[in-house]
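Dear colleague,

I am handing over the structure below, together with an account of what I found when I went through it. Please look it over before you read the notes that follow.

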Amino acid sequence: MDTGRTIAGVVESVGEGVTQFAPGDRVVSANTVPCGHCWACRIGRESLCENLEFLWGAFAEQLVIPARIAARNTYHLPDHVDFAAAAPLEPLACVTHAMAESGIELADTVVVHGAGPIGLMFVRLSAARGAHVIAVDQTPWRLTQATRMGAEQTVLLPTDGTPESNAALVAARTPAGRGADVGIEATGYAPVWQQNLLSLRPGGTGIMFGGTKAGASFPLDTTAMHYHEYLIKGVFHHTPRHVATAVDLVSSGIVDGHDLVSEERPLEALVDSLEDMAAGRGSKYAIVP
């Protein structure tokens, strides 16, 4: 089963030298593995590895997991976790990476900008960490999902709002209207990056998670950056440590992939599913060969 970048299934055969897996094992695999020896890996920044090995072709009925990924980023899946529940593992590992960088503490006010699948994971994990979570989106049904995932408040933004006006609406929901302790951008749109920054309290942390199109930018008020001591963090991809944590979150039930999967569909419906995703007509679709 696959939702785009996560592969879960049953081992049919293993290559020479593979001892940790056997035919019949239920496994889940990440889509990359770092090399372990470049400058980034040597300083513990494996998400920035210069030699990431990728695993593509996950929509196929069968595929071969490369030896390096099998060794470092493939995991046994407990019998009580079905494949659909494990399907969002790859984005969950990325979110786990961002959570590790966020500094979220008990009783913090966390604003999650975007309530798509990624945003919902941020809502769930922030709430599990003891934060007061405000979910922000332009789609009512997504905000309903965010409430189910643990958001205490939701903000439905107008479709014609500006980063400044939207940020004002968001900040008004925070204690004393001063802004978020931690803001998380989960859409991949540069104006929302700006909205996230403008929604922070002085000294707040902005996690810029969603990847934007090449060349996108947003204005930065350098005076505010200096005197308000904002901390802006870009977060990319995951590492084997974060994948392992994501497997644990799924296995323990803290995150249930079923909450994110709109529908299971056959391989023949792949193109329709991708088009529906692009049009915002669903959260995640699990493709079952």
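**Salt bridges across the chain**

At a relative accessibility of 33%, Glu101 counts as partly exposed, a class that runs between buried (under 20% relative accessible area) and exposed (over 50%), with a 1.4 Å probe and only protein chains considered. Please keep in mind that this is a predicted model, in which local features need pLDDT of at least 70 and side-chain atom pairs count only at pLDDT 80 or more, while totals for chains, interfaces and linings use all residues. Residues are numbered from 1 along each chain as its sequence is written, and side-chain values use heavy atoms, with hydrogens and water left out.

The partner of Glu101 is Lys233, and their side chains meet in a salt bridge with an N to O distance of 3.6 Å; the term stands for a side-chain nitrogen of Lys or Arg within 4 Å of a carboxyl oxygen of Asp or Glu. Because Lys233 lies in strand E11 and Glu101 in helix H4 (residues 89-102), the pair ties together parts that are 132 residues apart in sequence. Helices (H or I, at least four residues) and strands (E, at least two) are DSSP runs, numbered from the N terminus. Lys233, like its partner, falls in the partly exposed class, in its case with a relative accessible area of 24%.

By this rule the count comes to five salt bridges, and two others deserve a mention here. Glu46 is joined to Arg72, with the closest N and O atoms 2.9 Å apart. This pair also links distant parts of the chain, since Glu46 sits in the loop between helix H1 (39-42) and strand E4 (53-54) and Arg72 sits in helix H2, 26 residues apart. The two ends are covered to unlike degrees: Glu46 is buried, at 16% relative accessible area, whereas Arg72 is partly exposed, at 35%. Asp137 and Arg142 form a further salt bridge, their closest N and O atoms being 4.0 Å apart, and here both Asp137 and Arg142 are buried.

**The second largest pocket**

Which residues lie nearest the centre of the second largest pocket? They are Val10, Val11, Glu12, Leu63 and Ile65, out of 34 residues that line it. The elements that contribute two or more residues to this lining are strand E1 (7-10), strand E2 (26-29), helix H2 (67-72) and strand E13 (284-288). E1 gives the most, with four residues. Helix H2 thus appears twice in these notes, as a contributor to the lining and as the element that carries Arg72 of the salt bridge with Glu46. For the term itself, on a 1 Å grid over the protein atoms alone, a pocket is an open set of points with protein on both sides within 12 Å along at least five of seven lines, as against a cavity, where a 1.4 Å probe fits but cannot get out; lining residues have an atom within 4 Å of a point.

**Loops and backbone angles**

Two residues have a positive phi of about 60 degrees although neither is a glycine: Ala176 and His237. Ala176 belongs to the loop between helix H7 (163-171) and strand E9 (180-185), and is exposed, with 79% relative accessible area. His237 is placed in the loop between E11 and H10, but is buried, with a relative accessible area of 8%. That loop, running from strand E11 (231-234) to helix H10 (240-252), also holds Phe236.

Thr187 is in the loop between E9 and helix H8 (190-198) and is partly exposed, at 30% relative accessible area. Its C-alpha atom is separated by 9.4 Å from that of Met208, 21 residues away along the chain.

**Back to helix H4**

What separates Thr96 from Thr6, in sequence and in space? The two are 90 residues apart in sequence and 15 Å apart in space, C-alpha to C-alpha. Thr96 is found in helix H4 and is buried, with a relative accessibility of 8%. Leu89 belongs to helix H4 too and is buried as well, at 3% relative accessible area. From Leu89 to Arg45 the C-alpha distance is 20 Å, over 44 residues of sequence.

With best regards
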